[in-house]
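Me: I've got a new model loaded and I'd like to talk it through before doing anything with it. Can you take my questions one by one?

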Amino acid sequence: MRYKIKSIWLLVIILLSSRCTKEIDIQLNDTNREMAMYCTFTEDNLSAFFSSTTQITNGEYPRLWKLHITLSEEAKPILDTIINDSVFKFKYDFNRGILYHIAVSDSSGSVLTGTAEIPEDVNIFSASLTLAYKKYSQNEISGIMYSEATITFIDPANEKNYYEIIIYDVNDNFSPEVYEYWSSFSSEDPVLKLEGDLDYNPKTIFFSDDLFNGEKYQLKVLSSDGGNYCSYGQCLPNEAKIELRSISEDYYLYLKYLTRHYYNQQTSDGKPGLDMLYTGEPIDVYSNIENGYGLFAGYSTITKDFVLVPINF
Amino acid sequence: MHNFIFKIFTCLCSLLLSITGFTQNKVIVRGTIEDLNTGERLIGVNVYNEESNTGSASNKFGFYSIYLTKTDSVTILFSYVGYNSQKLKLAIKQDTVVNISLLPNLEIAEVQVISAKKIETKPEMSKVDLSIKDIRMLPTAIGETDVLKAYQLMPGIQGGLEGSSGLYVRGGSPDQNLFLLDDVPLYNVSHMGGFVSVFDISVLKKVDFYKGGYPARYGGKLSSIVDIRLKDGNIKKIGGEYSLGTVLTKIMLEGPISKDKSSFILSVRRCNFDLLTFAQSKLFPDPLNPNDYWGYNFYDLNLKLNYKVTNKDRLFVSSYVGNDNLKFITKEARNSSESLQYSVDERLRWGNKMFSTRWNHIYSNALFHNISLSYSQYKFKTSYDYQSEDLLADENSEQEKFIFLSGIKDLNIKIDYEFLLKKNIIRTGIASTFHNYTPTYTSLINTFSNPILGDTIIEAPIVNTKLYTVESSAYFELQSEITDKLQTNIGTFLSLYNTMDKAYFIPQPRILFIYNFIPSCSFKASFCKMQQYTHLLTNSGAGLPTDLWIPSTSNIKPEISNQIAVGLVHTSEKNIEISFESYYKKFEDLIEYKAGTILFQDAEDFANKIELGGTGSSKGIELLIQKKSGIFSWWIAYTLSKSERRFENLNNGKSFPFKYDRLHDISLVGNWIIKPGIKFSATWVYTSGYAITLPTKKYQNPIMGNTNSDDPNYPYTIIDVHIYNGKNRYRMPSYHRLDIGFQFSKHINKGERTWSLGVYNVYNKQNAYFVYFKQSSPKMIMQEDGSLIQVRDKSLKLYQMTLMPIFPYCSYSLSF
């Protein structure tokens, strides 16, 4: 009897200590393969990135090859090329107020298309970028910088406008595309509060002119990512840029949905920790591409350069 | 449309009222029914005339009336679960008052209640009947019987996720349930994320659970009414109950303040989980952070005072206070360079407070009133307190205090009247509630002390949104026995709701017909319109109680539901009740978070984060076969249902399944009294998996930022973009579980002791709590030369997390 009782308790302990996670089978796979592109252009260049959809459980993406790209300006062809890579760059003098059309096909015959134009540009009226350096503690030699960016511009009246602000450090060690972009933004600005995107750790700041249509507007934003950490009590002057982009509605919606999508999607790529499925409700990313996914959009841009000297406190 | 409904309603009322006067040779027997030992007024006691096969039940004041033909001899049977039935022979020539006291019976016979008023003759529909006695027998997860968990075993009522709070009634969401504790609404009714409700079963007298066919006296929520009455307290002698379980400790005391005049009942319940984690942190401290500690507890306190002013007047004072506390504490920890000492105190706290006074008055044997004044509060608070001190420079320190708070406070006055007429009961009343909402309050203060710069205080602007509304209502309800075969309950609930800038007036008709077409079988049909002015925004992710209650405003309209239900009920010769119901419910003006929205940050902007104007529908059939009497009582419940929602800006404007839509829901429950003092109970549940959104495909997309590739041709961060192909399109694996429990009771000197033992999830079914994608773990592969290499499969797999595997429980209780 005692032996039986012991066996029962052993069984209970085994069951209790059994793994609480297990692989399950829900038929998810959608084998229908489609293409996606992220293609933006401004006054003098076009930059594109192409991808193919793959099943959610796949670890690898199929390699794209023999992508046939055609680009036309008001129905006049300006580019017809074939590439075997995901990345494509094209130098060209794009004009405002003119519709550009892109078509991309792959070996399967499916054709992605998109149409876009460059919005009217906007001038920065004034801009400032300040840094403050705070040590972790009095006797620590490391600290962190906080920064405040202020940018003033005039919004064109009687039209709907959308903007993107990008702030980044300039580091000679890197090519311009891999500058250190600032993030971890916070702001009490009513426009940004209304947009509600700062909750989702956006890489850039984007907003519409709903609250200041046709007016001069000053926008302030803080970032705790302001440049490199100072260390050993030394903070070298930093070179940084503020870029103000005038973007289309498609571009704005794409940024908005993508930011929320990325924040909310389950992020386990083998990382440690508890893998909750979603941070918030899942959301599909906005697309203005026919027969596929992604974005084709133009933008105007203006940049201000700063040399930053941290203020210690 | 409203005019038309109102005219029909007026005509019906006139017709029914005219019927009431024609029975001149009839008399009424009336009186109160009490527990002989405690003096507790008993609600829902069956009163049955054996000669005419007619009956009634005692009302919420413990008062009954039965309508009889003048005769020389009539036998009236009084029966109630857990009490000896009592037969009374009377010669009835005129209206008579007979007060009854029933004796509790603790032996086997206790369950052999004659179900005098059979289900087919009860003037109600879609009401779930479970006695407190039956509920106490059911097995549980943590040794504490829970009233809401028991109701989840009935058709049409579902729990959410294992461990998540809330009841889902006929396709409704958890905020659409009205929980009334002695007439006062409570907002959050769950502890431990849903494992235990706030209702301590040892102080409960009666629970009425309506999932449809709502009487007109109730209003304010769309999907269910749960009317819970607390015991009044033993008016004759001191008694009580003490219970010690694996997780819970509780004590209940009741007794007279002045014998036969006034009484009290007090119960305190506490979850001991924090004591266990505290002991663990002391006995087995984390070597890196020996002063780290986390703990969770909750407590409930119920107090009720009852004062019999005269034979016709009673005063009641009720109070409930309950809180959940979750804390993470780090004391005197040091950073890696030992230069900084810091402490963190992080807490989450949420709970209800309720206070009410009531005055019951009996004007005559036919007219009652109840006046109540009450206050109710729900509050959710999270706080973060960080303090650091520089060990190398004493004056240098930092302190950060953060508070987030959300809540609602109600002040309510309510007057109800009940008239008992010969074949009718008229109920009417008015009520008014002042709501004070605080959707969000945040405060953040940073203080830096520096020997050079002095103190620097950085105070973020306090966000304190407050909203005030007034909700007033009036109702009229006429319960009639039109003929021997036809009963009705018709009424309307009128509500007027004033926000700061808008008023809503919504009449809500309620119609119920019961046609007893053959003696053991009835057809029932009902129509109810309900409205709801208070909405809950809750995170659907982790299941923490981050509930924001928000009011209807000029932009956010009240939610409305219209429900129609038909059903057949039958009691067999072997006293087995069979109930079949079918319903269709339509929702209007639902709200939902906008796609991609998260709750917590910037919660003051809630109005910008919600989708308005949602619609929904829910339909289903429910079957309940139940044997309530005998040494083996059991029920089988089955629900087949479908529930959908539609919002213009969600899922491309297409309908999508409600998250907790479950096609099949089955419960099998058995309670067996093996012999006096030994009871066995088992439950088995099966439900289809709930709806979930999962991605099917993905593509790559570059975003601004530092590159995550070594390839210079990829100067971006490349992320995966998921394609979801529809909201709630997929289903979690189905859920099933078997629980068993034994109760061993024994009379001892001063009372009765009971050991409760059982096992939750007997066969250790690993039910999915949530699912997630993850790369499989790397594998070590041996090469030809004998060396091992690590190989990682980059493909993702879908995993499920189980919250509750097999779980034994044990508790001890002593009642005296």
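**Walking through the model**

Reply: Sure, and keep in mind that this is a predicted model. Chain B averages a pLDDT of 82, and 86% of the residues score at least 70.

Me: Which stretch of chain B with pLDDT below 50 has 29 contacts beyond near neighbours in sequence?

Reply: There are a couple of places to look at. Residues 540-545 of chain B have pLDDT below 50, and that stretch makes nine contacts beyond near neighbours in sequence. Where pLDDT is low, the coordinates shouldn't be read in detail. The stretch with 29 contacts, also below 50, is residues 108-116 of chain B.

Me: What share of chain B counts as buried?

Reply: Some background on chain B: it has four helices and 51 strands. Its accessible surface comes to about 33,300 Å², with 59% of that belonging to carbon and sulfur atoms. Among contacts in chain B with a separation of 6 or more, 66% are between residues 24 or more positions apart. Of the 816 residues, the buried share is 58%.

Me: Is B:S617 buried or exposed?

Reply: B:S617 sits in strand β36 of chain B, residues 610-627. Beyond its neighbours within four places in sequence, B:S617 touches B:Y584, B:K585, B:K586, B:F587, B:K642, B:S643 and B:E644. The cut-off for buried is under 20% relative accessible area. B:S617 has 19% relative accessibility, so the verdict is buried.

Me: Which helix gives the largest share of the largest nonpolar core?

Reply: That core has 73 residues, and those with the most contacts inside it are B:Y151, B:F199, B:L204 and B:W635. The largest share is four residues, and they come from helix α3 of chain B, residues 147-151.

Me: How many residues are in the second, separate core?

Reply: Look for A:F88, A:I102, A:L112 and A:I289, which are included in it. The second core's count is 25 residues.

Me: Back to B:W635: which residues are in contact with it, leaving aside neighbours within four places in sequence?

Reply: B:W635 is one of the residues with the most contacts inside the largest core. Its partners include B:L130, B:L138, B:L153 and B:M154, along with B:L624, B:I625 and B:Q626. The rest of the list is B:S667, B:L668 and B:V669.

Me: Which strand of chain B pairs with β1(B) in the antiparallel sense over seven bridges?

Reply: Strand β1 of chain B (residues 26-35) is mostly covered, with nine of its 10 residues buried. Two bridges join β1(B) to β7 (residues 96-97) in parallel, and three join β1(B) to β8 (residues 100-102), also parallel. In those pairings B:R30 stands opposite B:V97, while B:D35 has B:L102 as its bridge partner. The antiparallel partner, where B:G31 faces B:Y64, is β4 of chain B, residues 63-69.

Me: Over in chain A, which strands stand at the edges of the open sheet, and why is one side of each left without a neighbour?

Reply: Four strands form this sheet in the order β6-β5-β8-β9, with antiparallel pairing. The twist averages 15° from one strand to the next. Each edge strand has a single partner strand, so one side of it has no neighbour in the sheet; the edges are β6 (76-83) and β9 (111-116) of chain A.

Me: What is the bridge partner of A:H68 in β6(A)?

Reply: Strand β5 of chain A (residues 67-73) is joined to β6(A) by seven bridges, running antiparallel. Within β6(A), the partner of A:H68 is A:I82.

Definitions and conventions. Residues numbered from 1 in each chain as written. Chains lettered and ligands numbered in written order. Predicted model: local features only at pLDDT ≥ 70, side-chain atom pairs only at ≥ 80, totals over all residues. Heavy atoms only, no water. Buried < 20%, exposed > 50% of the residue type's maximum accessible area, 1.4 Å probe, protein only. Contact = heavy atoms within 4.5 Å. Core = buried A, V, L, I, M, F, W, Y, C linked by side-chain atoms within 4.5 Å. Pairing = 2+ DSSP bridges. Areas by Shrake-Rupley, 256 points an atom, 1.4 Å probe, with all protein chains shown as cover. pLDDT = per-residue confidence, 0-100. Axes fitted to C-alpha atoms, helices over the stretch in contact; angles between N-to-C directions.
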